[in-house]
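Me: I have a sequence and a model open in front of me. Could you take me through it by question and answer?

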Amino acid sequence: MDPLSDVLSLLKPRSYVSAGFDAGGDWSVRFSQQQNFIKCCTVVSGQCWLAVDGVPEAMHLTAGDCFVLGSGRTFRLASDLSLPAVESTAVFSSAQEGGVVTYNGGGGFFLGGSRFAVNGDHVGILLAMLPPVVHLWKESDRAALRWAVERMAQELRERQPGNDLVVQQLAHMMLVQALRLYLSDEHGGQAGWLGALADKQIGAAINAIHHDPAHRWTLAGLAGLAGMSRSIFAQRFKQKVGTPPMEYLTRWRMLLAADRLANTSAPIARVALSLGYESESAFGAAFKRVMGGSPRQYSLERQAASLS
């Protein structure tokens with residue numbers, strides 16, 4: 001698979017809540033406790049402000065805009081950010097998946113979207129690969145998402161047979177498409193894993209690692225794929241991704257190993273070999289360094305958790 005599909009597969013996103021938000025008048029809603037969630041929403045009509053904790057500038061959203069929040073940070077949506085915020089739990093306490101929540105009489109603003117629960121192991125490491133906020137506002141981006149957005153709005157407003165399944169599939173499609181558009185929109189200059197993936201040179205090395213994690217990659221080999229000297233490649237890779245290239249390779253291998261140990265019956269030696277380790281002891285040392293425990297301990301803990 002490609003790197004984006006790889007990361008989303010390990011995150012195992014499932015549609016937790018899909019709903020519409022129909023607001024009227026002046027309003028401000030704060031969304032706390034977003035840990036282990038990815039939020040993907042689209043403004044169907046009206047306009048609002050989006051403020052995300054840790055992001056310096058608030059964003060003004062208008063009809064057609066889409067945003068993805070993958071960092072689990074608290075955020076706020078408001079018609080006016082100077083207004084005191086109401087907690088989202090009070091507003092959405094009666095929300096049903098696939099339904100619409102009306103606030104202040106509705107009619108002025110409509111938002112459709114989904115909150116994805118992610119339950120893969122080591123979610124924090126994986127979510128850190130996504131930017132804190134993706135804001136898609138260009139007309140070309142809106143056009144690419146328009147059919148899914150309009151269909152989502154219709155499904156949320158009209159309860160029909162098979163509604164839950166249709167909404168879930170649309171939500172997943174919107175999430176992937178939004179991240180795909182972000183990647184294609186020349187974000188290679190931005191820091192972070194997704195920005196690095198958009199960089200043609202660094203992205204080539206990341207793609208190679210994900211395509212064949214068991215390969216005996218060297219710094220020189222990865223630098224050659226990027227068309228750079230080893231020193232410049234190592235410096236630029238760390239600057240963009242946050243970790244050195246070989247450390248990234250090891251960490252990705254261990255994330256794959258953790259997933260296989262948790263979800264398959266493959267013995268440790270086979271998992272090690274499938275990721276390029278001929279020595280089970282070398283694999284065990286790398287696994288313990290990244291994951292904080294031995295492969296055997298990790299496997300036993302996951303088996304016990306699944307039984308309970």
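The turns below go from the whole chain to one strand and its neighbours.

Me: What radius of gyration does the protein have, against the value for a compact globule?
Reply: This is a predicted model. Its C-alpha trace spans about 65 × 50 × 35 Å along the principal axes. With 308 residues, a compact globule would have a radius of gyration near 19 Å, and the protein agrees with that at 21 Å.

Me: What share of the contacts with a separation of 6 or more comes from residues 24 or more positions apart?
Reply: The protein contains 13 helices and 11 strands. Of its 308 residues, 47% count as buried. Among contacts with a separation of 6 or more, the share from residues 24 or more positions apart is 74%.

Me: How far apart do the centres of the positive and negative side chains lie?
Reply: The protein exposes about 14,500 Å², of which carbon and sulfur atoms supply 51%. It carries 28 positive and 26 negative side chains. The centres of these two sets are separated by 8 Å.

Me: Which strands are the edge strands of the open sheet of five strands?
Reply: The sheet has the order 5-4-7-2-8, with mixed pairing. An edge strand here pairs on one side only, and that applies to strand 5 and strand 8 (86–87).

Me: Which side chains of strand 4 point to the buried face?
Reply: Strand 4 covers residues 47–52, and its side chains alternate between two faces. Buried means under 20% relative accessible area. Q47, W49 and A51 point to one face and are not buried; those on the other face, which are buried, are C48, L50 and V52.

Me: Which residue of strand 5 is the bridge partner of C48?
Reply: Strands 4 and 5 (residues 59–62) are antiparallel and pair over four bridges. They form a hairpin with six residues between them, and G54 in the turn has a positive phi of about 90 degrees. Across this pairing, the bridge partner of C48 is L61.

Me: Which residues of strand 7 stand opposite W49 and V52?
Reply: Strand 7 (residues 75–78) runs antiparallel to strand 4, and four bridges join the two. V52, one of the buried side chains of strand 4, stands opposite F75. W49, which is not buried, stands opposite A78. The residues asked for are therefore A78 for W49 and F75 for V52.

Definitions and conventions: Residues are numbered from 1 along each chain as its sequence is written. This is a predicted model: local features need pLDDT of at least 70, side-chain atom pairs count only at pLDDT 80 or more; totals for chains, interfaces and linings use all residues. Side-chain values use heavy atoms; hydrogens and water are left out. Buried means under 20% relative accessible area, exposed over 50%, partly exposed in between (1.4 Å probe, protein chains only). Two strands pair if DSSP finds at least two bridges between them. The radius of gyration is taken over C-alpha atoms; the globule rule is 2.2 Å times the number of residues to the power 0.38. Contact means heavy atoms within 4.5 Å. Accessible areas come from the Shrake-Rupley method with a 1.4 Å probe; for residues, only the protein chains shown count as cover. Lys and Arg count as positive and Asp and Glu as negative; His and the chain ends are not counted. The place of a charge is taken as NZ of Lys, CZ of Arg, CG of Asp or CD of Glu.
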